[in-house]
Every structure is written in structure tokens, then in C-alpha cells.
Amino acid sequence: MTDQGVTGQDQQPPGVPPDAEARSADWAEEALREHEEFHELAPHTPGQQHLSREEQVHQRIDRARARRARIKEERITMSHGAGGKATQTLIDALFLESFRNPTLERMEDQALLQINGSRIAFTTDSFVVSPLFFPGGNIGDLAVNGTVNDLAVSGARPLSLSAGFILEEGFPIEDLRRIVETMATAAAAAGVQIVTGDTKVVPRGKGDGCYINTSGVGLLERDISLSAASAQPGDAIIVSGPIGEHGVTVMLARGELEIESDVTSDTAPLHELINRLLDATSGVRCMRDATRGGVATVLNEIAGASQMAAVLDEGAVPMRPDVFGATEILGIDALYVACEGRMVVVVDGAEVDDALDALHSHPLGKGAAVIGSIKDDPPGLVLLKTTFGGTRIVDVLVGDPLPRIC
Ligand code: MG
């Protein structure tokens, strides 16, 4: 059972149970009821009876989304950090309201600044992953690669990073040394330098070992302007490799589940892969690394910003079988699970072969695949065509199914 999405419909593995088709036909009915409950909307009125169930669902989602953001909670909850609905509301109703300016309003993964004729990309990210060490990496890789990738997806060349450490009294120096050495290695691999930093220590019990913030600047040397708002009907949606590996790795590393798997984090810097892609085609509309909230969250951001529909083909989404198995056991939808070295690319449909060839030519893009396309209707929504012939809405994340994943 997922706790994301308005349908609440289970994601079925291939080999579909006999009642699946019937349940698929009921998706609109169920989505309508759950959406009414979630958004505390009045039940649909008789005047709407001429609309199909599906149209009613879309209409209600439109109305809920059009309302001015308002924070309902008195205090911060874990969901405010999950990248979904609550995070968006916090950003819209508090941060954006207070800090509002045209640079911030772009709402991409990085700000773009014009300084003395140069176009600079600027971004920041904090890392609170638990555990700090996991198969395939540690918090140090994430802190470097995450910020490098947020710069690179704008088309910028990452240049310099800052590193701020918040350490808990009692944290082993040897662990910190491992993390810092990993950061140095990751920075060298990404062609960036860590040029400034900060260290703070909080008393024992007031932190959880080590938190890291990194900020970064990059230089936009290409004459391009990528934006989630520029997705157009007929564009292809590509994911650069199998999804969900980082999130599942961290969940399994917590040792709370008795699952054996050799899956490792996909954490990696994407700047070289992106360079190949941008050299090969001028048809790229936008790119986003699919971190917290996963591919589903990125696509909701793109659908929302462009007011287009992102239509996914479930069978085309690349995923390791053990990642799929783990998400089934955890009761989460892999589309929402964080990756740390994968990106979603929206590219002109006429350029999709060039884009795929370029991605496939780099080790980090070997598993790249077209997973869907952009359509003009229904605006702002992500739809998934399931492997058993149904369609469901892939809504913005509600709650936080995987806290402290990055
Ligand atoms: Mg990002």
C-alpha cells in the first residue's frame, strides 16, 4: 500500500492478480474519494454528474492546487523535509513569501546570476542521511555530488564548493576523517575544489553525529536556458539509469529489515554525462537529478511548472529486480525513492535518439531509457500507464515514507 498518490492503489508486480483489471477500472472512483478526504473537500455535487469521474478528479486537483499555500501545522513535521506537498507549502507560504525575488521565483535546483556578463549557477544543499556510511558511499559523497549535480543540471560547469559541518560532541575523529577524505576524492572526480567552510559543534544528544551543508557555484558557458516550465507536447521523458538504488540502499543499511541485497547507492557526479548530452543535442528542455522524492517528485515539478501532463509507461521504467522487491516489501512506490546519480531529462521528441545515444556512451548513462512523454492534457498532472493496462495519477508526495535518506 502506498501512502503517496491520490489513488492509494497498490503497485502490482508483473504477474497481475485476477481482480487487477476491475480495480484498475475503479481508479477514478477511489481517487476521487481519497482526494476529497485528503483535501477536506465537500463531496462532489449533483451538478457535476455530467462530468466523468476522471474529469472530476482532475477538476478537484486543479482547485486544490490553485488555492493559496497555507501552512496548517503549528510545528514542523518530518513531511516538511520530504520534498512533497508539505515541503512545497512551506516554501511557497513562508520562504518564497518572505524572500520573494525574480531569481528565487524561478524555483529550479539552482539560482542563475548574471555577474559582470558571466552567468553563474549557485546552489546549496544540506545532508542529514542516516546511517552516515552505507554501501556505495557515505554522507561525504552525497554532500559533494548532490551540489555538483544541482549545478550541472542547469548546464553549468561546477567550479567551487563550500562545506559546513555541524558535529555532535563525541563524534569519532576517525569517522570524520573518512567522510572528509571521501569528500576530497569526490570533489577531485567532479573537477571542483572545496574552497571555504565552517565547523560547529553541538552538545552530545543535540545532533546526530554529523550533518553537512554544501553550497556551490558553477559557470554557464553554454548559451542555453533550461527550465522545467519549457516542457512541450511531444517531448520525451528520459531517466538516465535504473531508479531507487540510493534510497533502498540506505533503508537496508539501517538494518531494520531482514532483506539481503547487494544493491549499492548510485551516488555519482553527473556533469560529464550532462556534457555529452548537451554536446549531442540542442533539444534538451530541462534536467533534474532525481534525489529526495525520486522521479515522481521531479516529474510533478516539471508538470506543474510547464502546466503539461507527464505520461509515464510503467513497464519502461528501469529498475533492478531487488530494488523493486525491496520497495514492495517496504510498501513504497519506487518512483518516489531517491536516486543520487540519476537524472530526469525532458528532450524534444525529434532529438530523442541523439540524446539516448549520448547518454548510453557514458558509463553513468548506460541504463538510460525513455519512460514516457509530455502531453498537453491533463495540465499539471503525472499519469502512469501501468503494466496491466490501467492508468493512475502519480501525485505529489504526501508524508515522508523515507526520512533522512540524503
Ligand atoms: Mg536537485
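Mentor: Angles under 35 degrees count as roughly parallel, over 145 as roughly antiparallel, 65 to 115 as roughly perpendicular, and the rest as oblique. The model is predicted, so local features need pLDDT of at least 70 and side-chain atom pairs pLDDT 80 or more, while totals for chains, interfaces and linings use all residues. Residues are numbered from 1 along each chain as its sequence is written.

Trainee: Why are helix 8 and helix 11 called oblique to each other?

Mentor: Helix 8 (residues 245–253) and helix 11 (residues 321–330) pack at about 60°, with axes 10 Å apart. Axes are lines fitted to C-alpha atoms, for helices over the stretch in contact, and angles run from 0 to 180 degrees between N-to-C directions. The helices themselves are DSSP runs (H or I, at least four residues), as strands are (E, at least two), numbered from the N terminus. The pair falls in none of the other classes, and helix 8 and helix 11 are therefore oblique.

Trainee: Which residues make that contact?

Mentor: Helix 8 contributes E245, V248, M251 and L252, and helix 11 contributes V323, A326, T327 and L330. Contact needs C-beta atoms, placed from the backbone, within 7 Å.

Trainee: What makes helix 9 roughly antiparallel to helix 12?

Mentor: The axes of helix 9 (residues 271–280) and helix 12 (residues 352–360) come within 8 Å and cross at roughly 150°. That angle makes helix 9 roughly antiparallel to helix 12. On the helix 9 side the meeting residues are L273, R276, L277 and A280; D354, A355, D357, A358 and L359 face them from helix 12.

Trainee: How do you know that strand 8 pairs with strand 11 and with strand 12?

Mentor: Pairing needs at least two DSSP bridges between the strands. Strand 8 (residues 236–239) has four bridges to strand 11 (residues 343–347), in the antiparallel sense. With strand 12 (residues 369–375), strand 8 again has four bridges in the antiparallel sense. A236 stands opposite V347 in strand 11, and the bridge partner of A236 in strand 12 is S373.

Trainee: Which way do the residues of strand 8 point, and are they buried or exposed?

Mentor: A236 and I238 point one way, I237 and V239 the other, and all are buried. Buried means 20 or more other C-beta atoms within 10 Å, exposed means 12 or fewer, and partly exposed is in between, with C-beta atoms placed from the backbone.

Trainee: Why are strand 1 and strand 6 edges of their sheet?

Mentor: Five strands form an open sheet with mixed pairing, in the order 1-2-7-5-6. Strand 1 (111–115) and strand 6 (193–202) each have a single partner strand, so one side of each is left without a neighbour in the sheet. The twist averages 20° from one strand to the next. Inside that order, strand 2 (residues 118–127) and strand 7 (residues 210–219) pair in the antiparallel sense over eight bridges, and S126 stands opposite N213. Helix 7 (residues 173–190) packs on the sheet, touching strand 5 (157–168), strand 6 and strand 7.

Trainee: Why is M107 called partly exposed?

Mentor: M107 has 16 other C-beta atoms within 10 Å, a count between the two limits. M107 lies in the loop between helix 5 (102–105) and strand 1, and has a positive phi of about 55° although not a glycine. R404, in the segment after strand 14 (391–393), also counts as partly exposed, with 16 C-beta neighbours inside 10 Å.

Trainee: What is the omega of the peptide bond joining S130 and P131?

Mentor: Omega is about 0° and the bond is cis; P131 lies in the loop between strand 2 and strand 3 (133–134).

How values were computed: Two residues are in contact if their C-beta atoms, placed from the backbone, lie within 7 Å.
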